[in-house]
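Visitor: Got a minute to walk me through this one?
Guide: Sure, let's pull it up.

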Amino acid sequence: MLRLSKKADYALIAMNHLARRQDSPSASTSARDIAERYDIPIELMAKVLQRLVRTGLLVSTQGTRGGYTLSRPSVSISVADVIQAIDGPFTVTACSTDKHDCDQYSKCNVRGPLWQIRERIVATLGMVSIAEMAAENEPAPAAAELAVVRRSGMTTTAGHGPRQG
């Protein structure tokens with residue numbers, strides 16, 4: 001199963017948060033503010049944000065009004081950019097890297113198709129910008145969702161969402 005690392009997930013959360021604030025006068029946000037807003041350990045958020053600065057996706061400003069901001073418009077930063085900044089190049093199998101550290105490398109009959117799948121995944125993630133993610137509505141708090149469902153006469157079943165009651 002393909003799955004994002006926790007650090008990549010946190011990086012996307014932070015980038016989404018910063019993209020939503022990009023045009024506001026107080027666009028700069030501290031690691032603490034982001035961490036507290038999304039219940040992420042501050043030390044881990046700080047490390048993630050520092051790596052995004054080192055890879056050029058964020059700018060860090062010191063001082064009382066300091067914090068982190070996007071280094072360029074969110075429309076020009078892709079989900080692939082963020083994930084690769086945190087986790088490095090995408091891999092699907094051991095032979096997806098230049099190291100070729102797989103015993104079956106020379107005789108493998110699925111290497112080519114798996115590399116094509118890898119390239120499609122990278123291309124797809126590259127087509128989704130942080131601006132697109134930020135344009136999505138923020139999820140409503142669970143209590144508010146429940147109140148809306150109750151007022152509408154719908155009931156929920158675990159894992160199946162609302163249904164007519």
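Guide: Here is a quick chat about a helix, a loop residue and a hairpin.
Guide: It's a predicted model, where local features need pLDDT of at least 70, side-chain atom pairs count only at pLDDT 80 or more, and totals for chains, interfaces and linings use all residues. Residues are numbered from 1 along each chain as its sequence is written, and side-chain values use heavy atoms, with hydrogens and water left out.

Visitor: Which residues are buried in H5?
Guide: Arg111, Arg118 and Val122. Buried means under 20% relative accessible area and exposed over 50%, with partly exposed in between (1.4 Å probe, protein chains only). Helices here are DSSP runs of H or I, at least four residues, and strands are runs of E, at least two, numbered from the N terminus.

Visitor: What do the buried residues of H5 pack against?
Guide: Helix H4 (79-87). Contact means heavy atoms within 4.5 Å.

Visitor: And which exposed residues sit on the face turned away?
Guide: That face of H5 carries Gln116 and Arg120.

Visitor: New topic: where is Ser78?
Guide: In the loop between S2 and H4.

Visitor: Is Ser78 buried or exposed?
Guide: Ser78 counts as buried, because its relative accessibility is 9%. Beyond its neighbours within four places in sequence, Ser78 is in contact with Leu125, Gly126, Val128, Ser129 and Ile130.

Visitor: Last one: how do S1 and S2 run?
Guide: Antiparallel, with four bridges joining S1 (residues 58-61) to S2 (residues 67-70). Strands pair if DSSP finds at least two bridges between them. Val59 stands opposite Thr69 in S2.
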